[in-house]
Amino acid sequence: MSRRVSTRALVAHHVRSHAGGGAIVALLVFVLAVLAAAAPVALSALGDATLRDRLDALPATVRDVASDNVGSSAFPQTGTEPSLEPRTTEEVWGSFSASVDQIREDAGQPLPDVLGPGRMVTRSLQNQILEGDGTRAATIAFDPAYEDEIRIVEGRMPQPAATYLTGASTASGDSPLGNRIEVVLSAPSAAELEWPVGEVRTVGDPRRFPVELELVGLFEAVDPASEYWDHVTSVLEPFVFDDGNQPRRVTGTAYAHPASLVSEGLSEEWSTLVWYPTDTERIDGGNAEEAIAALNKLTAVSHTIGTMADGPGLLSLGFDADITATIENALAQQRATAGVIAMLLAGPVGVAAAVLVLGCRLILEGRRSSLRLLSARGASLGQLRGLLATEGALVGVAPAVIGAGAVILTATPVLHTAPSAGGVTTALLAGFAPAVILLVLAPSVAERQVRADLGRRGSRLRLIAEAVVVGLAATALALLLVRGYSDGIDLLLAATPLLLALVACLVTIRLYPLPLAVVHDRARAGANLDAFVGSARALREPTLGVTPVLALVVGVSVAMSSGVLLSTLQSGVDEASRAQVGADMRAQGSLFTQDQLERVQQIDGVQLSTGISGAEVATLDIDGVREGTSVFIVDAAALRAVQGDGPGMLPPGVSLQPVATGPMPMLASSSAGELIGDIEKLTLDGVDAQLVGVSRGPVPIGGRENWVAIDSSYADEVLGRNQSAGTVLLSLDPDAGTDAVENALHEVLGQTVRIDTADQVAADIQSGPAVQGVRWALLLATGVAALLSALALVMTLSLAAGSRARVLALLGTLGAPRRSATSLAVWEIGPPAVAAVIAGTVFGALVPLVVMVAVDLRPFTGSSVAPVYAIDPTILLLTLGGFAMLAVLLTAITLLLSRRVRAAGALRTVEEG
């Protein structure tokens, strides 16, 4: 007795059978869903990491928003009436502190949360100590919160002083005393000044208003590593000026009680520094743009804090926010990263969509016989579509939901970034793609299969489609070239590489039959059956259509372009780091005497050394127009010898060596060079000058934009004196050990100097999140492209397995050997694959040129000059070799499986009529 089988059981059996194609599509949809949902999360996390990396590397003086005021009235207003009795800190500083806090509270979001309460310190500068030989001076500092930063180790804290004293006389009794102020010094400063606790030193005008400074205590820092000391310098250690040309001068900074700010008689050269400690942890990719806008608004105006009715002092504060440039650079690097990744992934994404179509065709071919049987027994087209749509939903929607869900669950705990709605939506939409594709292909199930090698003629529709693709690609490329650098990801940026890849694919399909026809003619005249049959089938029934050729072209091009871009970035980083150092090694962080420079030259391993002065303010007269600039003094001959032929401060072929007659040779930065232009009448602080070169890109003197450099022989004429070196450049012996040289430099120049080599600078740049992210993205794109290409080949060979099996079975009955199976499979994929590899290699070598036009790569190299196109064979071997190994491995597995064909079974599948 037969058992009736339900419709549900039949459908379940139908879905379970021939499940290989469905499994491939499900896996592909899962991977695409994960990538679609995770890509925005990864880019956001990478952007935050890039921003965090740059902000964390900033010193406090660059990170914090500050107002630095210098002048005869650069101090907080203390009123119009003198204070004959000491006042409290709140009475003297309360109004000023409140105004500073109000500026922060009124700033745009998110600054009130990002900026901490204002810190402030006022200093009376360079009060020359009258006792001694005139080489010692004291700077008096007033800070309402100084007690939080210092710890008394001897003596006591100072007491507040009045505005001036009445009826008092100096210690010698020969003149009236204007004021007496108690101060405290750091122990090293007191030692250098030879000033014991309890003793008095006199400053001010000895004839009219002498002021006695009484040292009542010595202090040390509560935390020597506190960022407070980055702002308030030369306090823990005295400032010592010794250029070898003048007597050694020592200036120590002493703290007075903050209420002693009302005291008169000190130096009329004042400075007041106000800064807001910046909490960079509160700046992320979500509010970085707002922070830039708020900082620009804060620094664009001067903030009024008083009126002239309140007496002399600061009436307004103008702030500088150097951190703004860092945030902008980080965002520019983030946009560049997204642009590079978008351009490289556009091709693989298009290929993934095409491979998804192949996978659905594979499902359809597996179901063709059963679906045709259902159609013959009366099943309607709607029922067939419903059956295929159900399978499409099973292999599409379910994997997409799982993939998107996995990203949603892991994004926040792992990357600390919430997934975006757009990414998740895209992932879910990818899940419906198989159902849609199967619905579209459903009508072809009931149609009779026709031989593809008969009646093949050119199609006008194909020509029109190809012309449209070529036209779109040309238009997109032209727009991209005209527009220049993009601002992140956009449709034009992402579509151009894919359109160009389609053009390369179409050219490949059009051209590869030409040499193949020649090969076929030669095979027909020869005795090799496999070559004749294989070349004939490759011409008459090409297995590789647009999709697999596109996959190969894009795959090879991604591997090639990834290698070229990695090479270009590597070369750009090496060039920029070498230019930034300007020699084999660079030392900065202090002023160096001539004696120290001579001792540096004696260090073992140092071949040559030279110094570059610190920046000095100067004026350019450009055909009557005066422009401010900074001038650096160099020894032109020594600098060229130390720099050699590599990048650095001196451009190739430029010499600053003095001339016997004529104007002074002068080198300018790119910014100063633009100001000067082609003007012939040029002077620097009244000295005739001639612009002999423009230095573009990084230089060893730092990131200053507007500067000029001249030879030391002109220093007296331009500045009236020669300057101490602020930067030391060294060229090393070939066998010198950098560690040993660095240790020796610290012994000669001091432990606080910063020493850099080109390799160290390059390593710092390459270790940044953005560079690492692009590197891994390029390698990942190469791997994904290889897998997609191999998958396209695998599915294409599977789709052609039926016709190939019938030919093999027929050849087998005629006595052909078993190796013909592999031979025919190779002939199926070989000619178009070779052509696609060649086209992909050429196309991949050109893609980086498009990327370099559309995306600003300078943020990745740390240079103001774009990197040049470069190819590193080692990197290229890694990307292309890795691609080839993955693709060949998976294809070889399919070729081995394709040999397992039973002749009788294959022949029975031949359709009659």
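**Figure 1. Arg858 and Asp856 meet in a salt bridge.** In this predicted model, the side chains of Arg858 and Asp856 come together with 2.9 Å from N to O. What is the exposure of each partner, buried or partly exposed? Arg858 counts as partly exposed, at 29% relative accessibility, while Asp856 counts as buried at 18%. The cut-off for buried is under 20% relative accessible area, so Asp856, with its 18%, falls on the buried side. If you would like to look for other bridges of this kind, the whole structure holds 19 of them.

**Figure 2. Asp756 forms salt bridges with Arg586 and with Arg754.** Here is a nice spot to pause on a single acidic side chain. In the bridge from Asp756 to Arg586, the closest N and O atoms are 2.8 Å apart. This pair links distant parts of the chain, with Asp756 in strand 22 (residues 754-757) and Arg586 in strand 13 (residues 585-592), 170 residues apart. In the bridge from Asp756 to Arg754, the closest N and O atoms are 3.4 Å apart. Which of these residues are buried, and which is partly exposed? Asp756 is buried, with a relative accessible area of 12%, and Arg586 counts as buried too, at 4%. Arg754 is partly exposed, with a relative accessible area of 45%.

**Figure 3. Arg63, Asp64 and Glu227 are linked in a network of salt bridges.** This view brings one basic residue, Arg63, together with the acidic residues Asp64 and Glu227.

**Figure 4. Phe632 and Trp707 form an edge-to-face aromatic pair.** A search of the whole structure finds nine aromatic pairs, and this close-up shows the one made by Phe632 and Trp707, with 6.2 Å from centre to centre and 85 degrees between the planes. The pair links distant parts of the chain: Phe632 sits in strand 16 (residues 625-634) and Trp707 in strand 20 (residues 707-711), 75 residues apart. Both partners are covered: Phe632 counts as buried at 4% relative accessibility, and Trp707 is buried with a relative accessible area of 1%. Take a look at Gly673 as well, whose C-alpha atom is separated from that of Trp707 by 9.0 Å, although the two residues are 34 apart along the chain. Gly673 lies in helix 19 (residues 670-676) and is buried, with a relative accessible area of 12%.

**Figure 5. Strand 3 pairs with strand 2 and with strand 9.** Why is strand 3 (residues 136-142) largely enclosed by the rest of the structure? Six of its seven residues are buried, so the strand is largely enclosed. With strand 2 (residues 119-128), strand 3 pairs in the antiparallel sense over five bridges, and Asn127 stands opposite Ala138 of strand 3. With strand 9 (residues 249-256), strand 3 runs parallel, joined by six bridges; here Thr139 stands opposite Thr253 of strand 9. While you are in this region, follow Phe142 too: ring pairs link Phe75, Phe142 and Trp270 into a cluster.

**Figure 6. A nonpolar patch lies on the surface.** Val834, Ile838, Val842, Leu846, Leu849, Tyr869 and Ile871 form this patch, and together they have about 620 Å² of accessible area. One of its members, Val842, has its place in helix 25 (residues 819-854).

**Figure 7. A cis peptide bond joins Gln109 and Pro110.** Most residues other than glycine have a negative phi, and most peptide bonds are trans. The bond between Gln109 and Pro110 has an omega of about 5 degrees, and Pro110 is found in the loop between helix 4 (89-106) and helix 5 (111-114).

**Figure 8. Ser234 and Asp623 have a positive phi.** Which loops hold these two residues? Ser234, with phi near 60 degrees, has its place in the loop between helix 7 (228-231) and strand 8 (239-241). Ser234 counts as partly exposed, at 29% relative accessibility. Asp623 has a phi of about 55 degrees although it is not a glycine, and lies in the loop between strand 15 (616-622) and strand 16.

**Figure 9. Cys360 and Cys505 are buried.** Cys360 has a relative accessible area of 0%, and Cys505 likewise has 0%. How many disulfides does a search of the whole structure find? Zero.

Note on methods: Residues numbered from 1 in each chain as written. Predicted model: local features only at pLDDT ≥ 70, side-chain atom pairs only at ≥ 80, totals over all residues. Heavy atoms only, no water. Patch = residues over 30% accessible without salt bridge, like charges linked within 9 Å, V, L, I, M, F, W, Y side chains within 5 Å. Areas by Shrake-Rupley, 256 points an atom, 1.4 Å probe, with all protein chains shown as cover. Salt bridge = Lys/Arg side-chain N within 4 Å of Asp/Glu carboxyl O. Helix = DSSP H or I, 4+ residues; strand = E, 2+ residues; numbered from the N terminus. Disulfide = S-S within 2.5 Å. Buried < 20%, exposed > 50% of the residue type's maximum accessible area, 1.4 Å probe, protein only. Phe/Tyr/Trp six-rings, centres within 6.5 Å; stacked < 30°, edge-to-face > 60°. Pairing = 2+ DSSP bridges.
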